[in-house]
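Open your viewer, keep the sequence panel beside it, and let's walk through this model one selection at a time.

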Amino acid sequence: MDRYSLITNKNAREIVLLKSYPCKWGRCAFCDYIDDNTSSLEDMLETNREVLKNITGEFGQLEVINSASVFELPDETLEEIKKIVVDKKIHTIYFEAYYNYKDRLDEIRSLFKGIKVVFKCGIETFDDYIRNKILKKGIVFKDALEVAEHFKSICLLVGFEGQTKESIMYDMKMLMRYFERGCINIYINNTTPIKRNEELIKWFKDEYGYLDQYENIEILWNNTDFGVGD
Ligand code: SF4
């Protein structure tokens with residue numbers, strides 16, 4: 001599995017896919033990448049140390065993903081990241097966090113004091129029924145504004161059975177209106193029962209493919225487009 005890559009087409013940064021403890025939620029109906037989680041601290045530390053060795057700091061920005069939330073990374077790995085960030089003069093770091101960690105984000109901000117920390121949150125959709133009944137995200141909020149109070153960057157999921165054009169239109173509107181950055185993941189079939197909807201994806205490409213040109217929006221047509229994962 002590729003665990004280190006460079007993103008160069010926009011918002012240039014290095015990206016690492018680290019190993020962590022299991023995602024605390026772990027119940028999203030479309031997610032099988034938690035299979036990369038482990039409970040072996042030794043396994044995590046060994047893998048992460050090797051991956052982190054690749055970081056050069058060349059873009060001043062680093063994204064850290066771990067098939068869970070930053071809070072599931074071991075403390076030792078967080079300390080190693082911090083040391084590298086300081087040594088390599090990295091000014092901005094991106095981490096993933098599950099929405100229900102929203103009240104703990106300051107813990108990471110204080111650990112990385114002096115560094116800009118951006119949290120990416122997998123909201124997937126603002127449609128409550130689709131998010132919680134179909135995707136089983138376990139995330140409740142009043143509206144997009146409430147999400148934006150905690151997260152400047154969100155991930156949305158597009159193109160699965162049960163999703164509607166109307167919900168996607170609304171999601172895109174909320175993304176553009178309230179968030180600084182967005183990552184749109186086009187759904188790829190995996191080992192879960194959630195199925196890709198080709199027709200919806202074709203429609204999305206025709207209607208919203210232009211978003212790919214925006215500096216603050218990334219569309220992952222394939223889930224390995226960032227160069228990590230398998
Ligand atoms: S919160 Fe993220 S990592 Fe955890 S199960 Fe859901 S999609 Fe997977």
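The tour below begins at the ligand, goes on to the nonpolar cores, and ends with single residues worth a click. Please keep in mind that this is a predicted model.

**Stop 1: the ligand**

Select the ligand and show what surrounds it. Which residues make up its shell? You should find C23, G26, R27, C28, F30, C31, Y33, I34, S67, A68, Y98 and K137 around the ligand. Colour that shell by class, and you get 8 nonpolar, 2 polar and 2 charged residues. If you then turn on a pocket surface, you will see that the ligand sits in the largest pocket.

**Stop 2: the nonpolar cores**

Next, hide the ligand and select I81, I93, F95, F112, F126, I184 and F204. These are the residues with the most contacts inside the largest nonpolar core, a set of 54 residues. Helix 7, spanning residues 198–208, gives this core its largest share, 5 residues. Another core, of 11 residues, lies apart from it; A29, I134, L157 and F160 are among its members.

**Stop 3: F126 and F141**

Stay with F126 from the large core and display what it touches. Beyond its neighbours within four places in sequence, F126 is in contact with R131, F141, A144, V147, I154, L156, Y170, D171, M174 and F179.

Now pick F141 from that list. F141 belongs to the loop between helix 4 and helix 5. Is F141 buried or exposed? It counts as buried, because its relative accessible area is 10%, and the cut-off for buried is under 20%. Draw a C-alpha to C-alpha distance from F141 to F126: the two are 15 residues apart in sequence and 9.0 Å apart in space. With neighbours up to four places away set aside, the contacts of F141 are Y99, I123, T125, F126, R131, E146 and V147.

**Stop 4: D127**

Click on D127, in the loop between strand 5 (116–124) and helix 4. D127 is partly exposed, with a relative accessible area of 26%. Outside the window of four places in sequence, D127 touches S167 and D171. How far apart in space are D127 and T164, C-alpha to C-alpha? The separation is 9.7 Å, while along the sequence they are 37 residues apart.

**Stop 5: L73 and T77**

Move to L73, which is found in the loop between strand 3 (61–65) and helix 2. L73 is buried, with 3% relative accessibility. Its contacts, leaving out residues up to four places away, are L18, K19, S20, N48, V64, N66, L78 and I81. Add Y21 to the selection as well: L73 and Y21 are 52 residues apart in sequence, yet their C-alpha atoms are 6.3 Å apart.

Then step along to T77, in helix 2 (residues 75–87). T77 is also buried, with a relative accessibility of 0%. Apart from residues up to four places away in sequence, T77 touches L18, L45, N48 and L52. Keep L18 and N48 displayed for a moment, since L73 touches L18 and N48, and T77 touches them too.

**Stop 6: D106**

For an exposed residue, select D106 in helix 3 (residues 105–111). Its relative accessible area is 52%. Measure across to E96 if you like: D106 and E96 are 10 residues apart in sequence and 14 Å apart in space, C-alpha to C-alpha.

**Stop 7: two backbone angles**

Finish by switching to a backbone view. Most residues other than glycine have a negative phi.

Select N11, in the loop between strand 1 (4–7) and strand 2 (13–17). N11 is not a glycine, yet its phi is positive, about 45°. N11 is buried, with a relative accessible area of 12%.

Then select K136, in the loop between helix 4 (128–134) and helix 5 (144–150). K136 has a positive phi too, near 55°, and is likewise a residue other than glycine. Is K136 buried or partly exposed? It is partly exposed, with a relative accessible area of 43%. To close the loop on the tour, bring back the ligand and find K137, one of the residues surrounding it.

Methods. Residues are numbered from 1 along each chain as its sequence is written. This is a predicted model: local features need pLDDT of at least 70, side-chain atom pairs count only at pLDDT 80 or more; totals for chains, interfaces and linings use all residues. Side-chain values use heavy atoms; hydrogens and water are left out. A nonpolar core is a set of buried Ala, Val, Leu, Ile, Met, Phe, Trp, Tyr and Cys residues joined through side-chain atoms within 4.5 Å. Buried means under 20% relative accessible area, exposed over 50%, partly exposed in between (1.4 Å probe, protein chains only). Helices (H or I, at least four residues) and strands (E, at least two) are DSSP runs, numbered from the N terminus. Contact means heavy atoms within 4.5 Å. A residue is near a molecule or strand if one of its heavy atoms lies within 4 Å of it. On a 1 Å grid over the protein atoms alone, a cavity is a set of points where a 1.4 Å probe fits but cannot get out, and a pocket is an open set with protein on both sides within 12 Å along at least five of seven lines; lining residues have an atom within 4 Å of a point. A molecule sits in a cavity or pocket if more than half of its atoms lie within 2 Å of its grid points. Ala, Val, Leu, Ile, Met, Phe, Trp, Tyr, Cys and Pro count as nonpolar, Asp, Glu, Lys and Arg as charged, and the others, Gly among them, as polar.
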